[in-house]
Each structure stands twice: as structure tokens, then as C-alpha cells.
Amino acid sequence: MRQNIIKKILPLAVLVVTAFSCSDDLERNPYDSIGVGQSFETFADAQNWNNGFYQDIRNRVSGYVQYSTDLQADQLNATTDFGNRNGFVHRWEGFLAADGGIASVWQNYYSAITDINIALEGFETFDFEDPAELSDLNKFKANAHFARAFHYFGLVNRYAKPYNPSTASSDLGVPLVLNYDVNAQPSRSTVQEVYNQILSDLQIAKSGLAGEPGVQGATTFNRDVVLALEARVKLNMQDWVGAKSAADELINSGSYPLLTSESGLNDMWVNDFAQEVIFMPFVSAPDELPASTGAIYLGYDGGSDTYTPDFLPSQWVVDMFDDNDIRKNVYFTQPATIRLQNGDFSGVYVVNKFPGNPNLFTGAFTNYQHAPKVFRIAEMYLISAEAALNIPGADAATPLNELKVARNLPAISNPTMQDLKDERFRELAFEGFRLDDLKRWGEGFQRRDPQNTSTINLGSGYESLSQPAGADKFIWAIPSRDLTVNPGLKDQQNPGW
């Protein structure tokens, strides 16, 4: 079903920026809102709520949510022209609990969860007799559970310790809010409780969407989309058998063949070619577009045909890609000139993974817009291989080598965990995985080897930044405002903030 932006008429409780706001203003019924009951009357209302789930997902997988953690990690250097845009997260200093990025990501996740909780309650009030409408309503319920699992995974992955089977039952996770209650002041649940809820929602979604087959480039949730999230979640839980089973089911379906040519891979990242894509939200210019990601990497000026990027890939990052690797010329480009405040420079690679789909341009030049590729089959090969490396006697070589050979790299025998980490780095570069992978693996980092020191800012917070494994700010702060307005979060801030 074509997904449109729905300008939902919701109670003010849903329109506030956080699920944990003070209640005074929430008792009013403003002129542009209606009561909850009035938005659950017709089948069209149910469809509108369902469409909203997709809109919320689309807004959680691009822009700042995607690139902020990559800027925080070790792949990129801030250019002399970056103007301190995203400077706090990149430098790790001045990056405080009151940071607007930290607050907006948290608040947007919980706003989406609030909508989902209201929808799940409202769906139970519908009294449809048409079998087709009843069938669709059950799918909408399954979609709601999937979306809630997706958002809670995003939250617990960003604002809590990585899942450790021996401590998850006591480590602080994030507040679990499963019912719409504007007066709720929830405390943080444990990491274990949050993951249990994610798995519970996924099980409901899997059952409800069992009859919805996966298709390449799906814009709606289906059984394959659920499996992809399940594989990702279980990898993070160190449920190696479960992660491998879910990933292998998708691989063995044969529905998403790996691309084996540079032109095909380029077509995926430029024109949203869907062969490898398990799920990417519907997009349409000019009104149904996500936040852009590529602007900070390219900064293209069509008038002068020059590039003014905020961030450049480090030399060691470029060097991770063999010249025969079909990803190298897709993920990077080397413009004739990049123009910075201290001069023009040539021979410098820029990140070109998100150059903008010409079909989505809203002007003469790129707006860096794409359909976000939320789940790709390549990630499933990596999950299968990583899980296998943690299962005695399991076969990690086959999935890892199938991906390597598809990308025009030689197969290796007896792959190690480092081989897996290197391949995961190459395949998923700049898609928002790096910081979370380091955190999950219990590793720190040392920024190193910039391409050209004249093009970047230099100093302890820039190209020479070093962070040890387990450094506090691998895990983001609970936003200061929420600690203030929600007594349930008292004394529950993450360490180091």
C-alpha cells in the first residue's frame, strides 16, 4: 500500500516533543486537535494511524540519527570549513546531557511510541464487519508492534549499556511505556526487560505478518522485515543461534541476491535500486522525504561545481578498500576540487554513499535525498558470520566469503573475528553502525591517518582523539529536561554525564 504522509489529528499529548512532559498544558483541547476517541471511528482512521507508523520509522533512520554516531567515532575528520556543525558530538567535549541532538533523538523515539500505544488501544475500539477490513486491522496491529520494537531497540541501543547476559537484569535500560498515560512518570526498566519487550513485540508482529511475503525494496512491513530486525536484535543480545537462524532464513530465501558489479551497487545507492534491500520506507518529492544525510559529506555547490564538505573520511578508512573492491568507487569520489576557507584542494576523497537520487531532486542540484535502506541482505550475511564465529563448530566462512566475493574480494579460509570486523566496517561504512559496533565489541578507538592535514581541524578533539573501551559517552545521556520533569528518573542518569 502506498505510504503517504499523514497529517494526523492527534491529542496534544501526542504532539508534545516528549512522552514525559508536565500535564498542565495537556488538559486543554486546542483548536487544531480532537479527542482520542474521535480519531478511531472509520477504517480510514485506522489506515491513517498505520501510515503514521511508516512516517515515524522513515524519520528515525536518516539525518542526524544516522550520522551522529559516525561523527562521534573514528571514520571522519572535521574540515576547516565545518563551522562547528555537529562539533560537540565529534569532539566529545561540550557534548552534554542538555545537548539538543541527544534530546531530540530521545523525544522523537518516545513521541512515536506514544502514537503507537494510543493506536494499539484505539484499534481495539473498532467494530468492523467487513472481512477485508478486519484482516487489514490485524495487520495494522502487527505493524504497530513491529514499530514499537524498532523504536525501543533504537533507544536501548543508544541510551543504555550493551546487552551483557550476566548483567542485563540489573543494568539500567530505558523507560518502558506500553500504555498511553499522560501522567505517567516511569523509571528506567532494566536492559533485560527492554529486550524482553522488544522480543515480545517482534513475536506478535511475526505472527500477524506471517502471510505477508517479503519483496525486494519493500515499503511496508512483512515477515522478512521482522526477521531482519530479529537478527539485529539477537546479535546484540549475544543470542548467536537465534541471530544466525533469522539471518540465514533471509539469506537462504534467495529473495535478495547480492549485487556483484560496481554499476549495480552504484544503482542501489544513487537510484534506490532494490535488489538487496529488505525494507526501505516510501519516499516521494517534494513532500515525503526524510532528513538528508549526504550534505555533511559532500556540500556540493552546483554553481561553482565544487565540494565543501563538513567531514572527510580518514586516509585509513579509504585504505580499507582495495582498488578491486566494487564498493570503493561507490562509497567515495575524488572531486577535481574541494573548496575550503583556507584554499582549494585536489586529490581528496569525499564520502559519496548518499549523493542524492535524481528522481527526488527538488531543484537543479542534489538535495541528498534517498529512500533509507533500513535493512539490507548484506547485513544479514555479516550477522550470520559473526554469530557463527561465536558458535563452536559453526560455519562463518560461507556467509562471509559470499559477501566478499560478491564485492570482488578474494575468499579467505578460516576467517577470524578481525576479518569479520573489517568486512563489517567496509560494507556498512557511514550507515550509522560504527560507534555501536565498537561499543558492542567492547573496543575503544584512536582517530588516525587523515588524508591531508591542511584540510581538517587539528587537535586533541579532532584527528588525534582517543577513547578507551567503555568510555562513558559511548552511551548517550538521558536528556537533562527529562530528568527534571520526570521524578521517576531521579538518580538514573548514565555515568559520566
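In this predicted model, the loop between β1 (76–78) and α4 (87–91) holds Asn86, a residue that has a positive phi of about 65° although it is not a glycine. A positive value is also found at Asp449, where phi is near 50° and the residue is again other than glycine. Asp449 belongs to the loop between β11 (445–446) and β12 (466–467), and with a relative accessible area of 44% it is partly exposed. A further backbone feature concerns the peptide bond from Ala285 to Pro286, which is cis, with omega near 5°; Pro286 itself sits in the loop between β2 (277–279) and α11 (295–298).

From the loops the description turns to the interior. The largest nonpolar core has 125 residues, and the members that touch the most others are Phe123, Phe146, Ile198, Phe375 and Met380. The element that gives the most to this core is helix α6 (residues 131–159), with 13 residues. For Phe146, once residues up to four places away in sequence are set aside, the residues touched are Asp201, Leu202, Ala205, Phe221, Val225, Val226, Leu229 and Phe375. Another core, of 10 residues, lies apart from the largest one and includes Ile338, Val348, Val350 and Tyr368.

Phe345 is placed in strand β8 (residues 343–345), and it is buried, with a relative accessible area of 14%. Leaving aside neighbours within four places in sequence, Phe345 is in contact with Ala336, Thr337, Ile338, Leu340, Asn452, Ser454 and Thr455. Of these partners, Asn452 is 107 residues away from Phe345 along the chain, while the C-alpha atoms of the two residues are separated by 9.2 Å.

Helix α3 (residues 64–72) is mostly covered, since 8 of its 9 residues are buried. Those buried residues are Tyr64, Gln66, Tyr67, Ser68, Thr69, Asp70, Leu71 and Gln72.

Helix α16 takes part in two helix packings, which are set side by side below.

| Helix pair | Axes | Angle | Crossing |
|---|---|---|---|
| α14 (residues 377–389) and α16 (residues 417–428) | within 10 Å | roughly 165° | left-handed |
| α16 and α17 (residues 434–441) | 11 Å apart | about 165° | right-handed |

Angles over 145 degrees count as roughly antiparallel, and α14 and α16 are therefore roughly antiparallel to each other. The contact between them is made on the side of α14 by Ala378, Glu379, Leu382, Ile383, Ala385, Glu386 and Leu389, and on the side of α16 by Met417, Leu420, Glu423, Arg424, Glu427 and Leu428. The residues of this contact of α14 with α16 divide into 8 nonpolar and 5 charged, with no polar residue.

The second pair, α16 and α17, is likewise roughly antiparallel. Here Met417, Leu420, Lys421, Arg424 and Phe425 in α16 meet Arg434, Asp437, Arg440 and Trp441 in α17. The residues of the contact of α16 with α17 comprise 4 nonpolar and 5 charged, and no polar ones. Met417, Leu420 and Arg424 of α16 are thus named in the contact with α14 and also in the contact with α17.

Note on methods
Residues are numbered from 1 along each chain as its sequence is written. This is a predicted model: local features need pLDDT of at least 70, side-chain atom pairs count only at pLDDT 80 or more; totals for chains, interfaces and linings use all residues. Side-chain values use heavy atoms; hydrogens and water are left out. A nonpolar core is a set of buried Ala, Val, Leu, Ile, Met, Phe, Trp, Tyr and Cys residues joined through side-chain atoms within 4.5 Å. Buried means under 20% relative accessible area, exposed over 50%, partly exposed in between (1.4 Å probe, protein chains only). Helices (H or I, at least four residues) and strands (E, at least two) are DSSP runs, numbered from the N terminus. Contact means heavy atoms within 4.5 Å. Axes are lines fitted to C-alpha atoms, for helices over the stretch in contact, and angles run from 0 to 180 degrees between N-to-C directions. Angles under 35 degrees count as roughly parallel, over 145 as roughly antiparallel, 65 to 115 as roughly perpendicular and the rest as oblique. A crossing is left-handed if the near helix is turned anticlockwise from the far one by less than a right angle, and right-handed if clockwise. Ala, Val, Leu, Ile, Met, Phe, Trp, Tyr, Cys and Pro count as nonpolar, Asp, Glu, Lys and Arg as charged, and the others, Gly among them, as polar.
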